[in-house]
Amino acid sequence: MHPREQTIFALSSGRPISAISVVRVSGSQASALLRSVAGRLPAPRIATRALLRDAGHEPIDDALILWFPAPASATGEDVAEFHVHGGRAVLAALFAAFSAVVDVRPAEPGEFTRRAFENGKLDLTEAEALDDLIHADTDRQRRQALRQLRGFLGDKARDWRNQIIEASALIEAGIDFSDEADVPAELIEPALAKVKVLLREIEEVLAAHGRSERLRDGLVVAIAGPPNVGKSTLINQLARREVAIVSPHAGTTRDIIEVQLDLDGYPVTLIDTAGIRDANDPVEQEGVRRARARAAEADLMLWLSDPEHDTPPAERGVVTWKVRNKIDLAQEISGATAARSGSRASERGAEFGISASRGDGVAELVTALIGFAEEYLGSAEGGLITRERHRQLLAEVAASLRQSLGVIGQGEELAAEELRAAAYSLGRLLGRVDIEDVLDVIFREFCVGK
């Protein structure tokens with residue numbers, strides 16, 4: 001039997017040990033597996049208590065079972081769920097009992113969702129949104145993913161595709177009735193009007209800043225500066241836990257440390273880099289090289305200095321805030337922010353005074369970071385485009401629509417062909433045509449059991 005036709009199973013809840021574990025089964029053998037392990041097939045969609053047994057009729061666990069016959073299931077196939085006690089021994093015995101059934105095997109990462117996609121339960125934009133929802137770290141990311149999972153982009157793309165097909169049908173009808181003088185104009189003019197409206201709508205979506213794509217990855221903030229100015233102390237202060245080693249000796253941080261933060265719902269990746277200086281140690285030299293490269297890729301750089309190391313920022317082209325640390329030692333005004341607020345994404349010369357060890361001024365710095373994230377990402381969860389794949393395919397759609405309007409004077413056949421290309425690109429966006437090359441890339445990112 002082909003792997004796509006085999007019945008699959010996987011743990012769909014958290015890793016053991018846990019109070020309850022949920023194990024899902026999908027495929028044609030799900031009913032046989034239920035009868036084999038639970039002794040019966042329960043009523044559809046009703047949780048039923050059952051004593052699970054292995055092939056030797058030895059008890060495995062006292063559990064709840066559910067039965068979802070096709071096509072009214074998450075994957076469109078027969079699906080069974082087992083809610084068992086979440087111990088490793090219970091799961092091992094249950095999986096062994098499953099494997100004893102012919103054509104039943106463990107699921108690959110994303111295989112449940114892939115089967116749901118292949119059986120028309122969701123389109124590719126919704127499958128991507130499900131992955132985003134699983135990996136959402138902040139509330140804004142969750143809201144954005146949930147909107148896409150509910151068809152925010154998919155429904156719009158289907159509507160656009162239907163309108164393109166309608167316009168194409170009008171133009172092709174005009175071609176068929178080209179021997180009747182008045183008919184082609186009556187058909188083609190409303191088709192072109194529809195194409196112009198569609199093009200304008202899609203161009204407006206593409207013209208919006210790529211904030212929704214950025215919200216998926218989050219804001220990247222690099223903390224850089226000379227050695228021993230308090231970079232590790234600051235990242236520990238912002239993370240509110242010890243993630244970096246703090247030492248009075250220069251060169252302690254030799255690799256890049258990354259911390260994920262949730263700042264008012266905005267995902268922020270905070271990077272602690274090696275102290276930037278001329279070093280003789282080859283390991284420290286590599287750390288400095290990586291620090292420079294990572295800082296250059298960041299969306300914002302916090303350049304730390306102190307009374308002893310007041311050096312200018314090492315990187316150019318990156319929005320940079322100067323943060324003067326150890327103001328308590330310099331007897332400066334505690335917690336004072338710069339004359340310029342630093343809360344605007346365009347503000348490159350903002351300055352802050354802090355004491356990373358005592359926490360003076362850190363709250364003001366965090367407030368400014370939230371303001372930067374708000375301006376940089378905006379209300380991004382409302383955007384239609386959340387992945388580069390979406391943007392590329394919609395750009396192809398717009399190009400084809402634009403071309404169809406440009407070639408109409410050269411022949412209706414050319415315009416009709418461009419509209420077919422536009423509809424084809426939207427089909428690829430939804431995952432309904434010629435997408436085999438991207439399916440493996442997308443679904444292998446899912447966790448096992450989803």
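# Two sheets and a helix pair

Trainee: In this predicted model, P71 is found in the loop between strand 4 and strand 5; which residue does a cis peptide bond join to P71?

Mentor: The loop that holds P71 runs between strand 4 and strand 5, and omega of the cis peptide bond is about 0°. The residue joined to P71 by that cis bond is A70.

Trainee: Strand 4 and strand 5 pair with each other, so to speak, around that loop; in which sense do they pair, and which residue of strand 5 is the bridge partner of L64?

Mentor: Strands of a sheet pair through backbone hydrogen bonds, and the pairing may be either parallel or antiparallel. Strand 4 (residues 59–68) and strand 5 (residues 79–86) pair in the antiparallel sense, over five bridges. In strand 5, the bridge partner of L64 is H83.

Trainee: What are the edge strands of the open sheet with the order 3-4-5-2-1-6?

Mentor: This open sheet has six strands with mixed pairing, and its twist averages 30° from one strand to the next. An edge strand pairs on one side only, and this holds for strand 3 (48–53) and strand 6 (104–106). Read against the order 3-4-5-2-1-6, the edge strands are strand 3 and strand 6.

Trainee: At about what angle does helix 2 run to strand 5?

Mentor: Two helices can be described against this sheet, and helix 1 (residues 30–38) lies across strand 1 (7–11), strand 2 (18–26), strand 3, strand 4, strand 5 and strand 6, running at about 75° to strand 3. Helix 2 (residues 88–99) likewise lies across strand 1, strand 2, strand 3, strand 4, strand 5 and strand 6. Its direction relative to strand 5 is given by an angle of about 150°.

Trainee: Where is I17 found, and what is omega near for the peptide bond from P16 to I17?

Mentor: I17 is found in the loop between strand 1 and strand 2. The peptide bond that leads from P16 to I17 is cis, with omega near 10°.

Trainee: Turning to the open sheet with the order 8-9-7-10-11-12, which residue of strand 10 does A222 stand opposite?

Mentor: This sheet of six strands has mixed pairing, its edge strands are strand 8 (257–263) and strand 12 (351–353), and its twist averages 25° from one strand to the next. Within the sheet, strand 7 (residues 219–224) and strand 10 (residues 300–305) run parallel and are joined by four bridges. The residue of strand 10 that stands opposite A222 is M301.

Trainee: Which helix lies across strand 7, strand 8, strand 9 and strand 10?

Mentor: The helix in question spans residues 231–239 and runs at about 155° to strand 9 (266–272). The helix that lies across these four strands is helix 9.

Trainee: K326 has a positive phi although it is not a glycine; is K326 buried, partly exposed or exposed?

Mentor: K326, with a phi of about 60°, is found in the loop between strand 11 (320–324) and strand 12. D264, in the loop between strand 8 and strand 9, also has a positive phi, of about 55°, without being a glycine. Because the relative accessibility of K326 is 23%, and buried requires under 20% whereas exposed requires over 50%, K326 counts as partly exposed.

Trainee: Are helix 4 and helix 5 roughly parallel or roughly antiparallel to each other?

Mentor: The axes of helix 4 (residues 124–134) and helix 5 (residues 139–149) come within 8 Å and cross at roughly 155°, and the crossing is left-handed. The contact is made by E126, A129, L130, D132 and L133 of helix 4, together with R142, A145, L146, Q148 and L149 of helix 5; by class it has six nonpolar, one polar and three charged residues. Because angles over 145 degrees count as roughly antiparallel, helix 4 and helix 5 are roughly antiparallel.

Trainee: How many of the 11 residues of helix 4 are buried?

Mentor: Across the protein, buried residues make up 50% of the 450 residues. In helix 4 the buried residues are L124, T125, E126, A127, E128, A129, L130, D131 and D132. Helix 4 is therefore largely enclosed by the rest of the structure, the number of its 11 residues that are buried being nine.

Notes. Residues are numbered from 1 along each chain as its sequence is written. This is a predicted model: local features need pLDDT of at least 70, side-chain atom pairs count only at pLDDT 80 or more; totals for chains, interfaces and linings use all residues. Side-chain values use heavy atoms; hydrogens and water are left out. Axes are lines fitted to C-alpha atoms, for helices over the stretch in contact, and angles run from 0 to 180 degrees between N-to-C directions. Angles under 35 degrees count as roughly parallel, over 145 as roughly antiparallel, 65 to 115 as roughly perpendicular and the rest as oblique. A crossing is left-handed if the near helix is turned anticlockwise from the far one by less than a right angle, and right-handed if clockwise. Contact means heavy atoms within 4.5 Å. Ala, Val, Leu, Ile, Met, Phe, Trp, Tyr, Cys and Pro count as nonpolar, Asp, Glu, Lys and Arg as charged, and the others, Gly among them, as polar. Two strands pair if DSSP finds at least two bridges between them. Buried means under 20% relative accessible area, exposed over 50%, partly exposed in between (1.4 Å probe, protein chains only).
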